[in-house]
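I opened this model with a notebook beside me and a few spots to look up. Here is what I wrote down, entry by entry.

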Amino acid sequence: MRVLVIAPHPNDETIGPGGSIALHTDAGHQVTIGHLTNGERGSRTVAAAELRRTRQAEAVRAAAVLGVPEPHIRFLNLPDGGINPYDIDQFTAVIGLLRQMRPDLLYLPHPHDGAFDHEAAFALCWRAAGMSGSSNFGEYGPPHWVPTVLGYEVWQPIAAPAYLRDITTAVDRKVTALECYDSQSPAAKGAGQSSQVGPGGVLLSAWRGVTTTGGHREAFAVLRLGALP
């Protein structure tokens, strides 16, 4: 199975489906992580160019914890705060990624994930996923229809998730991967900033477990269903 995870910023891939990524790699699935932006605007105190390099390096370390090697990480270098589903260059960049990686399963933020960049990322990727299977934009690779698409949650819980995956056996790796993102700690970002680094980043999956059958679970919106792993 080929799996593609698209994240608006480095760390969203871990906060959202990080446990699922670890389970995919445990199962021998080929996982690629595509970062739309580098999160270069995610600090009040660090210059954008420096933070871009830092967060890319953090993303590589976090992916390694989850079992994804560096050659399977893609940085699309879209502007942080400027994801635009109507921008043709951004649209074709995502089509190119889909047609290159040819995933059986695609993860992206769910449609109502709260943060502007996340909802724009959904709109951009959903539009690209719809067009990727057509013969249009042939210069970006041969058509590829993604059979299954799941929406993950980061900033806004999914109101009625159709699919929950038990990640209890992978939750320690999810915490360790989150701890790779030192630049996103309150100490680095400044007072009054949120933190999802470390154990705080798995509270949502713990709550999902409490409200279902225990342990830790990641919840997903089923946006397109061919087959689930």
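Ground rules first: I call two strands paired if DSSP finds at least two bridges between them. Helices (H or I, at least four residues) and strands (E, at least two) are DSSP runs, numbered from the N terminus. This is a predicted model, where local features need pLDDT of at least 70 and side-chain atom pairs count only at pLDDT 80 or more, while totals for chains, interfaces and linings use all residues. Residues are numbered from 1 along each chain as its sequence is written, and side-chain values use heavy atoms, with hydrogens and water left out.

**Entry: a strand pair**

I looked up β6, residues 163-166, and found that it pairs with β7, residues 217-224, in the antiparallel sense over four bridges. Across from D166 I found R217 of β7. In β6, Y163 and R165 are on the covered face, whereas L164 and D166 are on the uncovered one. That fits the rule that side chains in a regular strand alternate between the two faces of the sheet.

**Entry: an arginine without a salt bridge**

Next I went to R99 in helix α4, residues 88-101. R99 is buried (under 20% relative accessible area, with a 1.4 Å probe and protein chains only). It has no salt bridge (a side-chain nitrogen of Lys or Arg within 4 Å of a carboxyl oxygen of Asp or Glu). The nearest side chain of opposite charge (Lys and Arg count as positive, Asp and Glu as negative; His and the chain ends are not counted) is E139, 6.4 Å away.

What lies 2.6 Å from a polar atom of the R99 side chain? I found the backbone oxygen of F137 there. The backbone oxygen of S134 is 3.0 Å from a polar atom of that side chain. Contacts of R99 (heavy atoms within 4.5 Å), leaving out residues up to four places away in sequence, include M131, N136, Y140 and H144.

**Entry: V3 and the cores**

V3 is in β1, residues 2-7, and is buried, with a relative accessible area of 3%. I noted that V3 and L105 are 102 residues apart in sequence and 4.9 Å apart in space, C-alpha to C-alpha. Beyond four places in sequence, the contacts of V3 include H24, V31, L105 and Y107.

The largest nonpolar core (buried Ala, Val, Leu, Ile, Met, Phe, Trp, Tyr and Cys residues joined through side-chain atoms within 4.5 Å) has 30 residues. V5, I21, V68 and Y107 have the most contacts inside it. Helix α3 gives the most to this core, with five residues. Apart from it I found another core, of 23 residues, among them I6, I95, A121 and C125.

How values were computed. Buried < 20%, exposed > 50% of the residue type's maximum accessible area, 1.4 Å probe, protein only. Polar contact = N/O pair within 3.5 Å; in protein donor to acceptor, adjacent residues only side chain to side chain.
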